[in-house]
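Dear colleague,

I am handing over the structure below, which I have been reading through, and I would be glad if you looked at it before going on to my notes. The notes follow directly after it.

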Amino acid sequence: MILLLRHVLRWLLGAFRFRADPRAPEYEQAMLNAIQQNIGKANSVLVLCGECHRQNISEALLRNGWNVESRDFDWVLQQH
């Protein structure tokens with residue numbers, strides 16, 4: 001899981017370097033591509049993304065056969 005996060009974060013930093021527009025549909029597709037390319041043999045993956053992308057990313061992962069538990073940041077903060 002840490003390996004996946006590192007690759008996704010590296011991709012995101014590269015996207016920002018090239019001034020990718022996070023509102024563009026291609027941005028979320030690139031996020032999904034980065035996740036799928038780096039999953040390997042994982043049976044569980046933690047994906048952190050902004051609230052504006054959470055629903056679309058979750059739905060796309062569900063369509064690809066993953067079990068998804070999607071939580072907003074307020075839920076995470078309330079757990080500790």
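Let me begin with one residue and work outwards: cysteine 49 counts as buried, because its relative accessibility is 16%, and the cut-off for that word is under 20%. Please keep in mind throughout that this is a predicted model. Cysteine 49 lies in the loop between α2 and α3, and, when residues up to four places away in sequence are not counted, it touches Met31, Arg54, Ile57 and Phe73. The C-alpha atom of cysteine 49 is also separated by 9.6 Å from that of aspartate 72, a residue 23 places apart from it along the chain.

A second cysteine deserves a word here, since cysteine 52 counts as exposed, with a relative accessibility of 62%. Why is there no bond between the sulfur of cysteine 49 and that of cysteine 52? The sulfur of cysteine 52 is the closest cysteine sulfur to that of cysteine 49, but the two are 7.8 Å apart, which is too far for a bond, given that a disulfide requires sulfur atoms within 2.5 Å. The count of disulfides accordingly comes to zero.

Stepping back to the whole protein, you will find four helices and zero strands, which follow one another along the sequence in the pattern α-α-α-α. Of its 80 residues, 22% count as buried, and the protein exposes about 6,300 Å², of which carbon and sulfur atoms supply 54%. Among the contacts with a separation of 6 or more, 47% are accounted for by residues 24 or more positions apart.

The helix I looked at in most detail is α3, which runs over residues 51–63 and has 13 residues. From its first C-alpha to its last, α3 reaches 19 Å, close to the 18 Å expected at 1.5 Å a residue. Its buried residues are His53, Ile57, Ser58, Ala60 and Leu61, and, seen down the axis of α3, they fall within an arc of 165°, so they line one face of the helix. As background, an α-helix has 3.6 residues a turn, so residues three or four places apart point the same way. The face of α3 turned away from the buried side carries the exposed residues Gln55 and Arg63, while the cover over the buried residues includes α2, residues 25–38. Just after α3, glycine 65 takes a positive phi of about 90°.

Within α3, histidine 53 may be worth a separate look, as it counts as buried because its relative accessibility is 6%. Leaving aside neighbours within four places in sequence, histidine 53 is in contact with Pro22, Tyr27, Glu28 and Met31.

What makes up the largest nonpolar core? It consists of nine residues in all, namely Tyr27, Met31, Leu32, Ile35, Ile39, Cys49, Ile57, Ala60 and Leu61. The elements that give two or more residues to this core are α2 and α3, and the largest share, four residues, comes from α2. Cysteine 49, with which these notes began, is thus one of the residues of this core, as the definition of a nonpolar core admits buried Cys residues.

With best wishes

How values were computed: Residues are numbered from 1 along each chain as its sequence is written. This is a predicted model: local features need pLDDT of at least 70, side-chain atom pairs count only at pLDDT 80 or more; totals for chains, interfaces and linings use all residues. Side-chain values use heavy atoms; hydrogens and water are left out. Buried means under 20% relative accessible area, exposed over 50%, partly exposed in between (1.4 Å probe, protein chains only). Contact means heavy atoms within 4.5 Å. Accessible areas come from the Shrake-Rupley method with a 1.4 Å probe; for residues, only the protein chains shown count as cover. The expected span of a helix is 1.5 Å times one less than its number of residues. The arc is that of the directions from the helix axis to the C-beta atoms. A nonpolar core is a set of buried Ala, Val, Leu, Ile, Met, Phe, Trp, Tyr and Cys residues joined through side-chain atoms within 4.5 Å.
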